[in-house]
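Work through the exercises below with the sequence and the model side by side. Try each task by yourself before you read its solution.

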Amino acid sequence: MKFTLEYSDPKSKARAGVVKTDHGDIQTPIFMPVGTAGSVKAVHQRELDQDIKAQIILGNTYHLYLRPGLDVLEKAGGLHKFNGWGKPILTDSGGYQVFSLSGTRKIKEDGVMFKSHIDGSKHHFTPENVMDIQRTIGADIIMAFDECTPYPCEYGYARNSMEMTHRWLTRCIDRFDATEGKYGYHQTLFPIVQGSVYKDLRKQSAEFIASTNQQGNAIGGLSVGEPAEMMYEMTELVTDILPHDKPRYLMGVGTPANILECIALGVDMFDCVMPTRNARNGMLFTSEGFINIRNEKWKDDFSGIDPAIGGYVSTFYSKAYLRHLTISKEILAAQIASIHNLSFYLWLVGQAREHILAGDFAVWKDQMVKKVSTRL
(Lines give C-alpha, C1' and ligand atoms only; values in the text may rest on other atoms or scores of the structure.)
Protein backbone atom coordinates (compact mmCIF):
# COMPACT_ATOMS: atom_id res chain seq x y z
CA MET A 1 0.00 0.00 0.00
CA LYS A 2 1.13 3.52 -0.78
CA PHE A 3 -0.40 6.81 0.37
CA THR A 4 0.19 10.02 -1.59
CA LEU A 5 -0.86 13.28 0.04
CA GLU A 6 -2.05 15.56 -2.76
CA TYR A 7 -3.22 18.70 -1.01
CA SER A 8 -3.72 20.14 2.48
CA ASP A 9 -6.41 22.74 3.13
CA PRO A 10 -4.87 26.07 4.24
CA LYS A 11 -7.70 26.94 6.68
CA SER A 12 -8.23 23.56 8.33
CA LYS A 13 -6.39 20.25 8.75
CA ALA A 14 -8.34 18.59 5.92
CA ARG A 15 -6.30 16.63 3.36
CA ALA A 16 -6.86 15.07 -0.04
CA GLY A 17 -4.83 12.03 -1.00
CA VAL A 18 -4.73 8.68 -2.77
CA VAL A 19 -4.30 5.24 -1.17
CA LYS A 20 -2.91 2.77 -3.70
CA THR A 21 -3.62 -0.93 -3.17
CA ASP A 22 -3.32 -4.01 -5.36
CA HIS A 23 -7.11 -3.91 -5.87
CA GLY A 24 -7.17 -0.27 -6.96
CA ASP A 25 -6.82 3.31 -5.80
CA ILE A 26 -8.85 4.99 -3.06
CA GLN A 27 -9.27 8.76 -3.24
CA THR A 28 -9.42 10.34 0.21
CA PRO A 29 -11.25 11.52 2.17
CA ILE A 30 -13.37 8.40 1.73
CA PHE A 31 -16.37 6.70 3.30
CA MET A 32 -16.35 2.89 3.35
CA PRO A 33 -19.72 1.08 3.26
CA VAL A 34 -19.95 -1.63 5.91
CA GLY A 35 -20.42 -5.16 4.58
CA THR A 36 -20.34 -6.99 7.90
CA ALA A 37 -20.95 -10.57 6.77
CA GLY A 38 -19.59 -10.20 3.23
CA SER A 39 -22.56 -8.12 2.04
CA VAL A 40 -23.51 -4.46 2.31
CA LYS A 41 -27.11 -5.05 3.44
CA ALA A 42 -29.70 -4.86 0.61
CA VAL A 43 -27.14 -3.72 -1.98
CA HIS A 44 -25.69 -5.60 -4.98
CA GLN A 45 -21.98 -5.30 -5.77
CA ARG A 46 -22.88 -3.77 -9.16
CA GLU A 47 -24.85 -1.05 -7.38
CA LEU A 48 -22.01 -0.46 -4.94
CA ASP A 49 -19.65 0.00 -7.87
CA GLN A 50 -21.72 1.78 -10.51
CA ASP A 51 -24.41 3.67 -8.57
CA ILE A 52 -22.93 4.34 -5.13
CA LYS A 53 -19.37 4.71 -6.49
CA ALA A 54 -17.85 2.94 -3.48
CA GLN A 55 -14.07 2.63 -3.69
CA ILE A 56 -13.56 0.29 -0.72
CA ILE A 57 -15.91 -1.72 1.50
CA LEU A 58 -15.60 -3.40 4.90
CA GLY A 59 -15.92 -6.96 6.07
CA ASN A 60 -15.92 -8.14 9.68
CA THR A 61 -13.56 -10.79 10.98
CA TYR A 62 -15.85 -12.00 13.79
CA HIS A 63 -18.86 -12.56 11.55
CA LEU A 64 -16.96 -14.01 8.58
CA TYR A 65 -14.98 -16.34 10.85
CA LEU A 66 -18.20 -17.76 12.28
CA ARG A 67 -20.10 -17.82 8.99
CA PRO A 68 -19.37 -18.85 6.23
CA GLY A 69 -16.13 -19.86 7.99
CA LEU A 70 -12.50 -19.83 6.93
CA ASP A 71 -12.65 -23.10 4.98
CA VAL A 72 -15.24 -21.71 2.58
CA LEU A 73 -13.43 -18.39 2.20
CA GLU A 74 -10.09 -20.08 1.50
CA LYS A 75 -11.62 -22.45 -1.04
CA ALA A 76 -13.22 -19.45 -2.77
CA GLY A 77 -9.85 -17.69 -2.97
CA GLY A 78 -10.60 -15.05 -0.35
CA LEU A 79 -13.44 -12.61 0.27
CA HIS A 80 -12.93 -10.72 -3.01
CA LYS A 81 -13.59 -13.87 -5.02
CA PHE A 82 -16.33 -15.07 -2.68
CA ASN A 83 -18.48 -11.94 -2.88
CA GLY A 84 -17.37 -10.73 -6.31
CA TRP A 85 -16.05 -7.34 -5.17
CA GLY A 86 -12.98 -6.46 -7.22
CA LYS A 87 -11.98 -3.26 -5.41
CA PRO A 88 -10.22 -2.87 -2.03
CA ILE A 89 -11.61 -4.40 1.17
CA LEU A 90 -10.79 -3.56 4.80
CA THR A 91 -11.52 -5.99 7.62
CA ASP A 92 -12.21 -5.01 11.22
CA SER A 93 -10.37 -7.36 13.59
CA GLY A 94 -13.57 -8.44 15.32
CA GLY A 95 -12.49 -6.82 18.57
CA TYR A 96 -15.49 -4.51 18.76
CA GLN A 97 -17.96 -7.37 18.19
CA VAL A 98 -16.24 -9.67 20.69
CA PHE A 99 -16.10 -7.01 23.39
CA SER A 100 -19.75 -6.10 22.84
CA LEU A 101 -20.59 -9.68 23.91
CA SER A 102 -19.97 -8.58 27.49
CA GLY A 103 -21.96 -11.41 29.06
CA THR A 104 -20.34 -14.24 27.11
CA ARG A 105 -16.63 -13.40 26.83
CA LYS A 106 -13.53 -13.41 29.05
CA ILE A 107 -10.59 -11.11 28.36
CA LYS A 108 -7.12 -12.30 29.36
CA GLU A 109 -3.58 -11.34 28.40
CA ASP A 110 -3.45 -14.19 25.93
CA GLY A 111 -6.62 -13.12 24.13
CA VAL A 112 -10.38 -13.42 24.42
CA MET A 113 -12.62 -16.43 24.95
CA PHE A 114 -16.14 -15.87 23.65
CA LYS A 115 -19.33 -17.67 22.72
CA SER A 116 -20.78 -17.47 19.24
CA HIS A 117 -23.98 -15.45 19.04
CA ILE A 118 -25.18 -18.01 16.48
CA ASP A 119 -24.97 -21.31 18.37
CA GLY A 120 -23.22 -20.63 21.69
CA SER A 121 -20.05 -22.49 20.66
CA LYS A 122 -16.82 -21.37 22.34
CA HIS A 123 -13.99 -19.66 20.44
CA HIS A 124 -10.65 -18.05 21.24
CA PHE A 125 -9.28 -14.93 19.54
CA THR A 126 -5.63 -13.98 20.06
CA PRO A 127 -3.55 -11.30 18.34
CA GLU A 128 -1.83 -14.07 16.39
CA ASN A 129 -4.82 -16.02 15.17
CA VAL A 130 -6.72 -12.84 14.29
CA MET A 131 -3.84 -11.99 11.95
CA ASP A 132 -4.06 -15.52 10.48
CA ILE A 133 -7.84 -15.23 10.11
CA GLN A 134 -7.53 -11.91 8.28
CA ARG A 135 -4.82 -13.37 6.05
CA THR A 136 -7.35 -16.04 5.07
CA ILE A 137 -10.20 -13.58 4.56
CA GLY A 138 -7.80 -11.69 2.31
CA ALA A 139 -8.64 -8.01 2.86
CA ASP A 140 -6.26 -5.37 1.49
CA ILE A 141 -6.21 -3.55 4.83
CA ILE A 142 -6.45 -5.54 8.06
CA MET A 143 -6.83 -4.22 11.59
CA ALA A 144 -4.85 -5.02 14.70
CA PHE A 145 -6.65 -6.87 17.51
CA ASP A 146 -7.52 -4.36 20.22
CA GLU A 147 -9.96 -3.82 23.05
CA CYS A 148 -12.58 -1.17 22.39
CA THR A 149 -13.44 0.32 25.79
CA PRO A 150 -17.03 1.43 26.49
CA TYR A 151 -18.17 4.93 27.44
CA PRO A 152 -18.16 5.89 30.21
CA CYS A 153 -15.01 4.09 31.28
CA GLU A 154 -12.99 4.52 34.46
CA TYR A 155 -9.47 5.86 34.02
CA GLY A 156 -7.77 2.81 35.50
CA TYR A 157 -9.64 0.42 33.22
CA ALA A 158 -8.95 2.61 30.17
CA ARG A 159 -5.22 2.71 30.99
CA ASN A 160 -4.91 -1.03 31.57
CA SER A 161 -6.91 -1.78 28.42
CA MET A 162 -4.78 0.59 26.33
CA GLU A 163 -1.55 -0.96 27.63
CA MET A 164 -2.84 -4.45 26.81
CA THR A 165 -3.89 -3.24 23.34
CA HIS A 166 -0.32 -2.01 22.82
CA ARG A 167 1.11 -5.38 23.89
CA TRP A 168 -1.35 -7.12 21.60
CA LEU A 169 -0.29 -4.81 18.76
CA THR A 170 3.34 -5.88 19.13
CA ARG A 171 2.20 -9.49 18.83
CA CYS A 172 0.01 -8.63 15.82
CA ILE A 173 2.94 -6.98 14.03
CA ASP A 174 5.27 -9.89 14.79
CA ARG A 175 2.77 -12.39 13.41
CA PHE A 176 1.88 -10.25 10.41
CA ASP A 177 5.56 -9.76 9.52
CA ALA A 178 6.22 -13.50 9.87
CA THR A 179 3.43 -14.48 7.45
CA GLU A 180 2.42 -13.73 3.88
CA GLY A 181 -0.84 -13.20 2.06
CA LYS A 182 -2.45 -16.30 0.56
CA TYR A 183 -3.81 -14.97 -2.71
CA GLY A 184 -0.94 -13.23 -4.48
CA TYR A 185 -1.52 -9.61 -3.45
CA HIS A 186 -0.28 -7.41 -0.62
CA GLN A 187 -2.04 -6.78 2.66
CA THR A 188 -1.45 -3.89 5.05
CA LEU A 189 -1.83 -3.80 8.84
CA PHE A 190 -3.29 -0.75 10.60
CA PRO A 191 -2.75 -0.37 14.37
CA ILE A 192 -5.50 1.27 16.45
CA VAL A 193 -5.18 4.17 18.90
CA GLN A 194 -7.18 3.68 22.12
CA GLY A 195 -7.34 5.51 25.47
CA SER A 196 -11.04 6.31 25.89
CA VAL A 197 -11.66 10.05 26.43
CA TYR A 198 -8.54 10.71 28.53
CA LYS A 199 -6.11 13.13 26.90
CA ASP A 200 -2.95 11.71 28.44
CA LEU A 201 -3.90 8.16 27.42
CA ARG A 202 -4.83 9.18 23.88
CA LYS A 203 -1.52 11.04 23.56
CA GLN A 204 0.44 8.06 24.89
CA SER A 205 -1.40 5.64 22.61
CA ALA A 206 -1.03 7.82 19.50
CA GLU A 207 2.71 8.15 20.16
CA PHE A 208 3.08 4.38 20.59
CA ILE A 209 1.08 3.63 17.44
CA ALA A 210 3.11 6.18 15.45
CA SER A 211 6.34 4.60 16.68
CA THR A 212 5.42 1.22 15.15
CA ASN A 213 5.80 2.80 11.70
CA GLN A 214 3.00 0.93 9.96
CA GLN A 215 1.63 2.08 6.59
CA GLY A 216 -1.59 3.51 8.01
CA ASN A 217 -3.19 4.14 11.39
CA ALA A 218 -6.66 3.94 12.92
CA ILE A 219 -8.41 5.71 15.78
CA GLY A 220 -10.77 3.46 17.74
CA GLY A 221 -12.94 3.68 20.84
CA LEU A 222 -14.82 6.81 19.76
CA SER A 223 -18.44 7.23 18.68
CA VAL A 224 -19.40 4.83 21.48
CA GLY A 225 -21.73 7.22 23.30
CA GLU A 226 -19.47 10.12 24.25
CA PRO A 227 -20.56 13.70 23.37
CA ALA A 228 -19.60 14.80 19.85
CA GLU A 229 -17.40 17.63 21.13
CA MET A 230 -15.41 15.13 23.19
CA MET A 231 -14.99 12.92 20.11
CA TYR A 232 -13.71 15.89 18.12
CA GLU A 233 -11.29 16.84 20.91
CA MET A 234 -9.82 13.33 21.10
CA THR A 235 -9.65 13.06 17.30
CA GLU A 236 -7.78 16.34 16.91
CA LEU A 237 -5.33 15.41 19.68
CA VAL A 238 -4.55 12.11 17.93
CA THR A 239 -4.36 13.40 14.34
CA ASP A 240 -1.85 16.02 15.49
CA ILE A 241 0.43 13.16 16.60
CA LEU A 242 -0.08 10.49 13.92
CA PRO A 243 2.28 10.73 10.91
CA HIS A 244 1.27 13.30 8.31
CA ASP A 245 2.29 11.08 5.40
CA LYS A 246 0.08 8.09 6.29
CA PRO A 247 -3.70 7.63 6.07
CA ARG A 248 -5.77 8.05 9.24
CA TYR A 249 -8.92 6.00 9.72
CA LEU A 250 -11.54 7.01 12.31
CA MET A 251 -13.47 3.84 13.07
CA GLY A 252 -17.28 3.76 13.25
CA VAL A 253 -17.93 7.49 12.64
CA GLY A 254 -20.62 8.59 11.96
CA THR A 255 -23.27 11.18 11.02
CA PRO A 256 -22.67 13.40 7.94
CA ALA A 257 -21.83 16.31 10.27
CA ASN A 258 -19.39 14.10 12.27
CA ILE A 259 -17.63 13.12 9.06
CA LEU A 260 -17.28 16.69 7.81
CA GLU A 261 -15.96 17.94 11.16
CA CYS A 262 -13.46 15.09 11.40
CA ILE A 263 -12.26 15.60 7.81
CA ALA A 264 -11.49 19.15 8.97
CA LEU A 265 -9.42 17.62 11.81
CA GLY A 266 -7.25 15.57 9.42
CA VAL A 267 -9.06 12.22 9.14
CA ASP A 268 -8.93 10.45 5.76
CA MET A 269 -11.08 7.31 6.10
CA PHE A 270 -14.48 6.60 7.70
CA ASP A 271 -16.98 3.79 8.09
CA CYS A 272 -20.36 3.53 9.80
CA VAL A 273 -23.46 1.34 9.68
CA MET A 274 -25.67 4.44 9.98
CA PRO A 275 -26.50 5.00 6.28
CA THR A 276 -27.84 1.47 5.78
CA ARG A 277 -29.27 0.93 9.27
CA ASN A 278 -31.13 4.24 9.19
CA ALA A 279 -32.27 3.56 5.63
CA ARG A 280 -34.03 0.39 6.75
CA ASN A 281 -35.87 2.48 9.36
CA GLY A 282 -36.98 5.09 6.83
CA MET A 283 -34.45 7.83 7.65
CA LEU A 284 -32.86 9.40 4.59
CA PHE A 285 -29.87 11.73 4.38
CA THR A 286 -30.01 14.37 1.66
CA SER A 287 -28.00 17.36 0.47
CA GLU A 288 -30.53 19.68 2.17
CA GLY A 289 -31.02 17.77 5.43
CA PHE A 290 -32.42 14.51 6.78
CA ILE A 291 -35.98 13.23 6.47
CA ASN A 292 -38.25 10.58 7.92
CA ILE A 293 -39.80 9.19 4.76
CA ARG A 294 -42.73 7.78 6.78
CA ASN A 295 -44.04 11.25 7.54
CA GLU A 296 -47.35 12.34 5.97
CA LYS A 297 -45.72 15.38 4.35
CA TRP A 298 -44.04 13.14 1.72
CA LYS A 299 -47.28 11.35 0.76
CA ASP A 300 -47.77 13.33 -2.46
CA ASP A 301 -44.25 14.70 -3.00
CA PHE A 302 -43.43 13.37 -6.45
CA SER A 303 -39.99 15.00 -6.66
CA GLY A 304 -36.89 12.82 -6.73
CA ILE A 305 -35.36 11.67 -3.45
CA ASP A 306 -32.36 13.98 -3.97
CA PRO A 307 -31.69 15.01 -7.60
CA ALA A 308 -28.77 17.20 -6.44
CA ILE A 309 -26.54 14.19 -5.75
CA GLY A 310 -27.33 12.46 -9.05
CA GLY A 311 -27.38 8.70 -9.50
CA TYR A 312 -30.16 6.40 -10.64
CA VAL A 313 -31.96 5.70 -7.37
CA SER A 314 -31.83 9.25 -5.98
CA THR A 315 -33.19 10.81 -9.17
CA PHE A 316 -35.52 8.10 -10.57
CA TYR A 317 -37.69 7.33 -7.52
CA SER A 318 -39.94 9.91 -5.88
CA LYS A 319 -40.31 10.56 -2.18
CA ALA A 320 -44.00 9.65 -2.44
CA TYR A 321 -43.24 6.28 -3.98
CA LEU A 322 -40.52 5.46 -1.44
CA ARG A 323 -42.89 6.47 1.37
CA HIS A 324 -45.53 4.12 -0.04
CA LEU A 325 -43.04 1.23 -0.21
CA THR A 326 -41.81 1.95 3.33
CA ILE A 327 -45.29 2.13 4.83
CA SER A 328 -46.20 -1.06 2.93
CA LYS A 329 -43.08 -2.79 4.29
CA GLU A 330 -41.96 -3.70 0.79
CA ILE A 331 -38.40 -5.05 0.62
CA LEU A 332 -37.65 -2.67 -2.26
CA ALA A 333 -37.96 0.26 0.19
CA ALA A 334 -34.90 -0.92 2.12
CA GLN A 335 -32.97 -1.38 -1.12
CA ILE A 336 -33.80 2.06 -2.52
CA ALA A 337 -33.17 3.83 0.79
CA SER A 338 -29.88 1.98 1.40
CA ILE A 339 -28.53 2.75 -2.06
CA HIS A 340 -29.60 6.38 -1.72
CA ASN A 341 -28.05 6.90 1.73
CA LEU A 342 -24.76 5.30 0.70
CA SER A 343 -24.76 7.33 -2.52
CA PHE A 344 -25.22 10.45 -0.42
CA TYR A 345 -22.32 9.56 1.90
CA LEU A 346 -20.00 8.91 -1.06
CA TRP A 347 -21.23 12.12 -2.71
CA LEU A 348 -20.54 14.05 0.50
CA VAL A 349 -16.92 12.89 0.89
CA GLY A 350 -16.42 13.40 -2.86
CA GLN A 351 -17.61 16.99 -2.51
CA ALA A 352 -15.33 17.46 0.49
CA ARG A 353 -12.39 16.25 -1.60
CA GLU A 354 -13.25 18.65 -4.43
CA HIS A 355 -13.44 21.60 -2.05
CA ILE A 356 -10.16 20.63 -0.37
CA LEU A 357 -8.47 20.60 -3.78
CA ALA A 358 -10.16 23.91 -4.67
CA GLY A 359 -8.91 25.50 -1.43
CA ASP A 360 -12.31 26.52 -0.05
CA PHE A 361 -13.13 23.50 2.10
CA ALA A 362 -13.43 25.36 5.43
CA VAL A 363 -16.14 27.74 4.18
CA TRP A 364 -18.04 24.98 2.37
CA LYS A 365 -17.82 22.66 5.40
CA ASP A 366 -19.41 25.16 7.77
CA GLN A 367 -22.31 25.69 5.36
CA MET A 368 -22.75 21.96 4.72
CA VAL A 369 -22.71 20.97 8.41
CA LYS A 370 -25.72 23.25 8.97
CA LYS A 371 -27.55 21.76 5.99
CA VAL A 372 -27.00 18.09 6.79
CA SER A 373 -27.98 18.68 10.44
CA THR A 374 -31.38 20.12 9.46
CA ARG A 375 -34.51 17.99 9.84
CA LEU A 376 -36.76 18.51 6.82
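Two strands count as paired if DSSP finds at least two bridges between them, and strands themselves (E, at least two residues), like helices (H or I, at least four residues), are DSSP runs numbered from the N terminus. This is a predicted model, in which local features need pLDDT of at least 70 and side-chain atom pairs count only at pLDDT 80 or more, while totals for chains, interfaces and linings use all residues. Residues are numbered from 1 along each chain as its sequence is written, and side-chain values use heavy atoms, with hydrogens and water left out.

**Exercise 1. The open sheet**

Task: Find out in which order the 5 strands of the open sheet are arranged, and which strands are its edges.

Solution: Begin with the order, which is S4-S15-S14-S13-S12, with parallel pairing. Next, look for strands that pair on one side only, and you arrive at the edge strands S4 (30-32) and S12 (192-193). Then go inside the sheet, where S14 (residues 248-250) and S15 (residues 269-271) run parallel and are joined by 2 bridges. Here Leu250 stands opposite Phe270 in S15.

**Exercise 2. Following strand S8**

Task: Determine how S8 pairs with S7 and with S9, and which of its side chains are buried.

Solution: Start with S7 (residues 105-107), which pairs with S8 in the antiparallel sense over 3 bridges; a hairpin of 4 residues joins the two strands, and Lys106 has Met113 in S8 as its bridge partner. Continue to S9 (residues 122-125), which runs antiparallel to S8 and is joined to it by 4 bridges, with His124 as the bridge partner of Met113. In the hairpin of S8 and S9, which has 6 residues between the strands, Gly120 takes a positive phi near 80°.

For the side chains, recall that in a regular strand they alternate between the two faces of the sheet. The cut-offs for burial are under 20% relative accessible area for buried, over 50% for exposed, and partly exposed in between (1.4 Å probe, protein chains only). In S8, Val112 and Phe114 point to one face and are buried, whereas Met113 and Lys115 point to the other and are not. Lys115 has 37% relative accessibility and therefore counts as partly exposed.

**Exercise 3. Salt bridges between distant parts**

Task: Locate the salt bridges of Arg15, Glu74 and Glu288, and state which parts of the chain they link.

Solution: First fix the rule, by which a side-chain nitrogen of Lys or Arg must lie within 4 Å of a carboxyl oxygen of Asp or Glu. The count by this rule comes to 18 salt bridges.

In one of them, Arg15 meets Asp268 at 2.9 Å, N to O. Because Arg15 lies in S2 (residues 15-21) and Asp268 in the loop between H10 (256-263) and S15, this pair ties together parts that are 253 residues apart in sequence. Both Arg15 and Asp268 are buried.

Now turn to Glu74 and Lys182, whose closest N and O atoms are 3.2 Å apart. Glu74 belongs to H3 (residues 70-76) and Lys182 to the loop between H7 (155-178) and S11 (188-190), 108 residues apart. With 38% relative accessibility, Glu74 counts as partly exposed, and Lys182, with a relative accessible area of 42%, is partly exposed as well.

Finally, Glu288 forms a salt bridge with Lys371, with 3.6 Å between the closest N and O atoms. Glu288 lies in the loop between S16 (283-286) and S17 (289-292) and Lys371 in H15 (residues 361-372), so this pair ties together parts 83 residues apart in sequence.
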